[in-house]
Amino acid sequence: MELVTVFIDGKEVKVPKGTNLIEAAKQAGVEIPHYSYHPHLSIDGNCRMCQVQVEGQPKMTIACNTG
C-alpha cells in the first residue's frame with residue numbers, strides 16, 4: 001500500500017493513496033461537515049456541504065470525492 005502525505009489545516013498526515021479528503025481529515029483530527037457521504041456507500045456529492053479549498057486548485061472541491 002502506497003502512502004501519501006497531505007497537510008490539513010497545517011497538520012501532516014500519511015494516508016493510503018486515493019483516500020478521500022473527508023477520511024484523511026478524520027485521521028488528522030479535523031472534521032469536515034458532510035451530509036450525503038458514508039464510507040460504505042457510493043459517492044453522490046450532490047449536497048456540496050463538504051466543499052474545501054485545496055492549495056493549487058482554482059475552485060473549491062468536494063472532499064467526499066477528492067482523493
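In this predicted model, Leu-3 of the protein chain faces Pro-16, a residue of strand E2. The two strands involved here are E1, spanning residues 3-8, and E2, spanning residues 11-16, and they pair in the antiparallel sense over six bridges. Together E1 and E2 make a hairpin, with two residues lying between the strands. One residue of that turn deserves a look on the display: Asp-9 has a positive phi of about 50°.

The hairpin belongs to a chain whose secondary structure amounts to one helix and four strands. Read from the N terminus, the order of elements is β-β-α-β-β. The radius of gyration is 11 Å, close to the 11 Å given by the globule rule for 67 residues, so the chain is as compact as a globular protein of that length. Along the principal axes, the C-alpha atoms occupy a box of roughly 30 × 30 × 20 Å. Of the 67 residues, 31% are buried. The accessible surface of the chain is about 4800 Å², and carbon and sulfur atoms account for 51% of that area. When contacts between residues at least 6 apart in sequence are considered, 18% of them link residues at least 24 apart.

Attention can now turn to the other end of the chain, beginning with Thr-61. This threonine is part of strand E4, which covers residues 61-62. Thr-61 has a relative accessible area of 15%, under the 20% cut-off, and therefore counts as buried. Beyond residues up to four places away in sequence, Thr-61 touches Cys-50, Gln-51, Val-52, Val-54 and Thr-66. The last of these partners is also reached through a polar contact, in which the side chains of Thr-61 and Thr-66 come to 3.0 Å.

Thr-66 itself sits in the segment that follows E4. With a relative accessible area of 16%, Thr-66 likewise falls under the 20% limit and so is classed as buried. Apart from neighbours within four places in sequence, the residues in contact with Thr-66 are Thr-19, Asn-20, Leu-21 and Thr-61. The pairing with Leu-21 is a good one to trace by eye: Thr-66 and Leu-21 are 45 residues apart in sequence, yet their C-alpha atoms are 6.0 Å apart in space. Thr-66 thus has Leu-21 among its contacts, while its side chain makes the 3.0 Å polar contact with the side chain of Thr-61.

Cysteine chemistry is a natural next topic for the bench reader. A search of the whole structure returns zero disulfides. Cys-50 takes part in no disulfide, and the nearest cysteine sulfur, belonging to Cys-64, is 3.7 Å away. Seen from Cys-64, the closest cysteine sulfur is that of Cys-50, and because a disulfide requires sulfur atoms within 2.5 Å, the separation of 3.7 Å is too far for a bond. Both residues of this pair are covered: Cys-50 is buried, with a relative accessible area of 3%, and Cys-64 is buried as well, at 5%. Cys-50 also connects back to strand E4, as one of the residues touched by Thr-61.

Key:
Residues are numbered from 1 along each chain as its sequence is written. This is a predicted model: local features need pLDDT of at least 70, side-chain atom pairs count only at pLDDT 80 or more; totals for chains, interfaces and linings use all residues. Side-chain values use heavy atoms; hydrogens and water are left out. Buried means under 20% relative accessible area, exposed over 50%, partly exposed in between (1.4 Å probe, protein chains only). A polar contact is a pair of N or O atoms within 3.5 Å; within protein, one must be able to donate a hydrogen and the other to accept it, and residues adjacent in sequence count only if both atoms are side-chain atoms. Contact means heavy atoms within 4.5 Å. Two strands pair if DSSP finds at least two bridges between them. The radius of gyration is taken over C-alpha atoms; the globule rule is 2.2 Å times the number of residues to the power 0.38. Accessible areas come from the Shrake-Rupley method with a 1.4 Å probe; for residues, only the protein chains shown count as cover.
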